[in-house]
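Thank you all for coming. I would like to walk you through one structure today, beginning with its ligand and then moving on to the charged side chains.

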Amino acid sequence: MELSAASGGAALLGGTAAQAAPRPAGGPPPLGPVVIGPADPRYVELTTRGHNGRFTGSPDVVHLVGSAEQVVRAVEEAARDRKRIAVRSGGHCFEGFVDDPAVRVLVDVSEMAAVSHDPERELFAVESGATLGRVYRTLYLGWGVTLPGGGCPTVGVGGHVAGGGYGALSRRYGLVVDHLYGVEVVVVDRSGRARIVEATRDSTGAERELWWAHTGGGGGTFGVVTRYLFRSPGASGAPGGLLPRPPAAVRSVSLGWQWQDLDREAFVRLLRVHGDWHRRHAGVDSPYAELSSGLTLGHRASGRITVDAALDASRPRAGELLDAFVAELTGAVAAPYTVTAATTPWLKSVLGGVQWPGGARFKSKSTLLRTPWNDRQAGVLHTYLNRGGEEFATAGVYLTFLGGRINTVRPDATAMPHRDCLFSVVHEALWGEERQTEGQLAWVRGLYRELHADTGGVPVPDEANGGAYLNYPDTDLADPRWNTSGVPWSTLYHRGNHRRLQRAKERWDPLDLFHHALSVRPPERFSSRRPGRGPTLGPH
Ligand SMILES: Cc1cc2nc3c(=O)[nH]c(=O)nc-3n(C[C@H](O)[C@H](O)[C@H](O)COP(=O)(O)OP(=O)(O)OC[C@H]3O[C@@H](n4cnc5c(N)ncnc54)[C@H](O)[C@@H]3O)c2cc1C
């Protein structure tokens with residue numbers, strides 16, 4: 001469905017699908033257009049919003065947009081002037097896609113952050129600049145519902161949703177994109193004309209493919225999303241029934257061991273027991289089907305290894321189930337441990353977490369595991385987590401339990417193909433100063449390469465690995481120095497969905513105006529090796 005920019009997106013130009021959720025009538029006019037150049041004191045605020053201190057962009061201009069119509073104008077201008085464009089929402093990208101020095105025009109959607117219910121269409125509309133914290137708060141306090149998204153409240157929906165989105169409620173309710181009804185996107189045709197398109201799960205033909213491409217195909221790739229529309233499949237009626245309802249409170253346990261109390265053998269045994277327990281309870285038929293569980297393997301310099309798990313506090317026998325979980329894990333090794341338990345109102349548990357330090361430099365590498373680490377890999381983890389001193393106190397490996405409802409969805413039902421994985425793993429180095437960069441990168445790259453030594457240094461999809469998660473992008477996967485598997489990065493991220501994503505790309509961004517090092521490229525520009533260096537056709 002195409003929407004007229006001049007009409008505020010409310011008028012239908014073609015197609016028969018229902019109209020976009022109306023914007024609040026009679027409210028204040030939207031902010032902007034605010035167009036900011038390097039001489040403006042606000043420029044530095046907007047060009048340093050990125051979470052990863054390794055990257056700072058230097059665009060000619062930043063468009064702080066307040067409406068989809070302003071996005072149309074900014075995008076059309078960039079296409080006309082053949083300038084490289086990028087869009088930023090929450091700024092949590094792991095890589096420098098938005099802050100690439102080649103980007104000349106930055107569209108910042110962070111002031112478009114409304115969350116509203118449309119009673120006529122029976123859906124929720126979330127503007128693409130909203131943060132997860134804002135979305136959780138408004139959806140829950142307003143209507144008692146939520147989305148099963150990530151745990152960091154300052155992540156933006158702009159990138160998070162387009163990449164799939166998982167969090168503490170995902171084993172119970174699936175991924176965020178499993179509840180994505182539609183997208184409103186500014187796209188650009190071959191002539192450089194920009195327009196607003198709404199594409200939904202109920203659309204047909206190319207428009208349905210545009211919706212599908214946004215269910216895991218990644219941000220910064222097809223256009224500028226201005227709004228996401230949410231309604232769970234099959235849901236209708238009152239707002240409280242349109243999206244998942246979170247538990248009123250969560251019962252959580254936190255288990256901790258000190259590195260000094262674990263020798264190599266005990267560490268390997270602990271990981272073996274942890275992995276085996278989670279494998280047994282990954283399915284939707286387990287009494288632990290709704291358990292969220294994370295393992296933090298901090299570097300030895302941080303002192304600790306922790307397991308955090310939680311269940312709906314109102315679930316019958318929640319306390320008993322958590323006690324049994326704790327007993328099995330703590331029984332794995334003879335080392336002393338600490339355990340704390342708490343019951344917390346749900347929204348507090350989501351918004352009250354420790355905030356990640358923004359502005360620090362980091363490099364994170366993703367693996368989706370289909371089976372637990374084997375003993376060789378546990379040994380590699382032990383070696384690296386004990387290598388180096390205080391400068392690695394903020395490095396670590398973070399493992400999140402997947403499975404449950406996530407794995408009940410067909411791999412091609414959404415563009416997010418990883419529907420058979422047990423754990424999502426993030427291997428991370430995090431540091432403060434430029435002079436540390438080389439050593440920190442070497443640590444995390446070495447760890448990852450050795451973990452995946454049997455498959456060319458990367459998690460090639462097989463019986464043990466699912467691949468990597470697109471919302472945790474890592475340009476090393478497209479670099480032959482670090483990926484010697486012969487399997488392209490696109491397979492690691494998109495598996496069998498890549499070709500279909502390329503077709504959507506060809507149709508909806510024929511100029512490849514929206515691109516970065518790991519964006520889906522049209523076939524003629526696709527390089528399995530060198531990120532972002534296809535033939536230099538087109539306007540940039
Ligand atoms: C501390 C931290 C915790 C995280 N926790 C989780 C988690 O629990 N679960 C999980 O699934 N992920 C998690 N992530 C990953 C997160 O989902 C991705 O980094 C996500 O892409 C961030 O989106 P953003 O809008 O904040 O970032 P941005 O940097 O603004 O954008 C990321 C990408 O999306 C594009 N993009 C942004 N807005 C738009 C738009 N409106 N239209 C089109 N493209 C757009 C950008 O161009 C860029 O390519 C976490 C990341 C961090 C840093």
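Valine 87 has a polar backbone atom that lies 2.6 Å from an oxygen atom of the ligand, which is a polar contact in the sense used here, namely a pair of N or O atoms within 3.5 Å, where within protein one must be able to donate a hydrogen and the other to accept it, and residues adjacent in sequence count only if both atoms are side-chain atoms. Please keep in mind that this is a predicted model, in which local features need pLDDT of at least 70 and side-chain atom pairs count only at pLDDT 80 or more, while totals for chains, interfaces and linings use all residues. Residues are numbered from 1 along each chain as its sequence is written, and side-chain values use heavy atoms, with hydrogens and water left out.

Serine 89 also meets an oxygen atom of the ligand, through a backbone N or O atom at 2.7 Å, and for glycine 156 a polar backbone atom is 2.8 Å from a ligand oxygen. Taken alone, the ligand exposes 960 Å², of which the protein buries 93%, with areas taken from the Shrake-Rupley method using a 1.4 Å probe, where for residues only the protein chains shown count as cover.

Which elements give two or more residues to the shell around the ligand? They are strand S4 (85–88), helix H4 (157–162) and strand S10 (224–230), and H4 gives the most, with 3 residues; helices here are DSSP runs of H or I with at least four residues, strands are runs of E with at least two, and both are numbered from the N terminus. Domain 1 (2–21 + 31–241) and domain 2 (249–493) both contribute residues to this shell, so the ligand lies between them, the domain bounds coming from an automatic or database domain assignment.

Let me turn to the salt bridges. The count comes to 34, a salt bridge being a side-chain nitrogen of Lys or Arg within 4 Å of a carboxyl oxygen of Asp or Glu. One of them pairs arginine 104 with aspartate 60, with the closest N and O atoms 3.0 Å apart. Arginine 104 sits in the loop between S4 and strand S5 (105–108), and aspartate 60 in the loop between helix H1 (43–47) and strand S3 (61–64), so that the pair links distant parts of the chain, 44 residues apart.

Aspartate 100 and arginine 84 form another salt bridge, at 3.6 Å from N to O. Because aspartate 100 is in the loop between S4 and S5 and arginine 84 in the loop between helix H2 (68–80) and S4, this pair ties together parts that are 16 residues apart in sequence. Is arginine 84 buried or exposed? At 12% relative accessibility, arginine 84 counts as buried, whereas aspartate 100, at 24%, is partly exposed; buried means under 20% relative accessible area, exposed over 50%, and partly exposed in between, with a 1.4 Å probe and protein chains only.

A further salt bridge joins the side chains of aspartate 375 and arginine 272 at 3.1 Å, N to O. Aspartate 375 belongs to helix H10 (residues 375–385) and arginine 272 to helix H7 (residues 264–280), 103 residues apart.

Finally, aspartate 118, in strand S6 (residues 115–118), counts as buried at 5% relative accessibility, and its side chain reaches the backbone nitrogen of arginine 121 at 3.3 Å.
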